[in-house]
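Student: Could we go through this model and check how its labels are earned? I'd like to see the reasoning behind each one.

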Amino acid sequence: MPLLTQQIPDENDYSLVASLDNVRNLSTILKAIHFREHATCFATKNGIKVTVENAKCVQANAFIQAGIFQEFRVQEESVTFRINLTVLLDCLSIFGSNPMPGTLTALRMCYQGYGYPLMLFLEEGGVVTVCKINTQEPEETLDFDFCSTNVINKIILQSEGLREAFSELDMTSEVLQITMSPDKPYFRYKISLLKPSTKALVLSCKVSIRTDNRGFLSLQYMIRNEDGQICFVEYYCCPDEEVPES
């Protein structure tokens, strides 16, 4: 991406530099967690995690591994900032969300550090657009303390089966009971909190469903991007109530 490289004077000034030949490999994953306006971004040498939360009851995490990017460099141990996810997605699709066949939009993303904007350099067909998005003080995200040793139920299945099940649900109902074992406890979950996860379900090929001994629900979606690489989106949801003994 020579044009994009020419646009950046000194990359050593940046805490984070990431490049993609196909911007949709990032935007598609971010759309899967876009149910609130703002998100918190965490970057380490392993990749980027983008977190969205609602009402301290549901959390969505999109994981984009470093290997997805054609170039990925983090100068510090970790880089964290909060950003308007709606604006970010608008910028990533500035050349259109449905490009002509065979046409790719390339992305170079740079972040200088605390207080600086996130810089996006997008190139398509020799045309370069530069976007600057203001970043904000990162807020502390919820720790659901979802530990594998406390998992009492786990199912891994092809996403198609779960999509069929969700399509038959009455989404106007208030709660949904998920039963994976004949043994108690059983828990119910607010459908309004689970609805956003269907965005990731539509994109995914496999899904892991887990509950722990507190009734917390984990939905982990495996999503294959346009280049055949694997990314993960995970939703955590608090239980609404424990189903009483009958």
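Tutor: Sure, and keep in mind that the model is predicted. Let's start with a cut-off: two strands pair if DSSP finds at least two bridges between them.

Student: So what makes β14 and β15 a pair, and in which sense do they run?

Tutor: β14 and strand β15 (residues 217–224) have six bridges, and the requirement is at least two, so they pair. The sense is antiparallel. One of the bridges joins K206 to M222 in β15.

Student: What lies between β14 and β15?

Tutor: Four residues, and the two strands form a hairpin. In the turn, G215 has a positive phi of about 95°.

Student: Which strand besides β15 pairs with β14, and over how many bridges?

Tutor: β11 pairs with β14 over seven bridges, in the antiparallel sense. There, L157 stands opposite V207 in β14.

Student: How many residues of β14 are buried?

Tutor: Six of the seven residues in β14 (residues 206–212) are buried, so the strand is mostly covered.

Student: On to the rings. Why is the pair of F146 and Y236 called tilted?

Tutor: Their centres are 5.6 Å apart, and rings pair within 6.5 Å. The planes are 40° apart; stacked needs under 30 degrees and edge-to-face needs over 60, so the pair counts as tilted.

Student: Where in the chain do the two sit?

Tutor: F146 is in the loop between β10 (135–136) and β11 (151–158), while Y236 is in strand β16 (residues 230–237). They are 90 residues apart, and the pair links distant parts of the chain. F146 and Y236 are both buried. They also belong to one aromatic cluster with F144 and F216.

Student: What makes R214 a charge over the ring of F216?

Tutor: R214 lies over the face of F216, at 3.9 Å from the ring centre, and the distance limit is 6 Å. The charged end of K49 is likewise placed over the ring of F42, 5.0 Å from its centre.

Student: Last one: why is N134 called exposed?

Tutor: N134 has a relative accessible area of 62%, and exposed means over 50%, so the label holds. N134 is in the loop between β9 (127–133) and β10.

Student: What does N134 touch, leaving aside its neighbours within four places in sequence?

Tutor: I83 and P117 are in contact with N134. As for L118, its C-alpha is 6.4 Å from that of N134, with 16 residues separating the two in sequence.

Methods. Residues are numbered from 1 along each chain as its sequence is written. This is a predicted model: local features need pLDDT of at least 70, side-chain atom pairs count only at pLDDT 80 or more; totals for chains, interfaces and linings use all residues. Side-chain values use heavy atoms; hydrogens and water are left out. Rings of Phe, Tyr and Trp (its six-membered ring) pair if their centres lie within 6.5 Å; planes under 30 degrees apart count as stacked, over 60 as edge-to-face and the rest as tilted. Buried means under 20% relative accessible area, exposed over 50%, partly exposed in between (1.4 Å probe, protein chains only). A charge sits over a ring if NZ of Lys or CZ of Arg is within 6 Å of the ring centre and within 35 degrees of the ring normal. Contact means heavy atoms within 4.5 Å.
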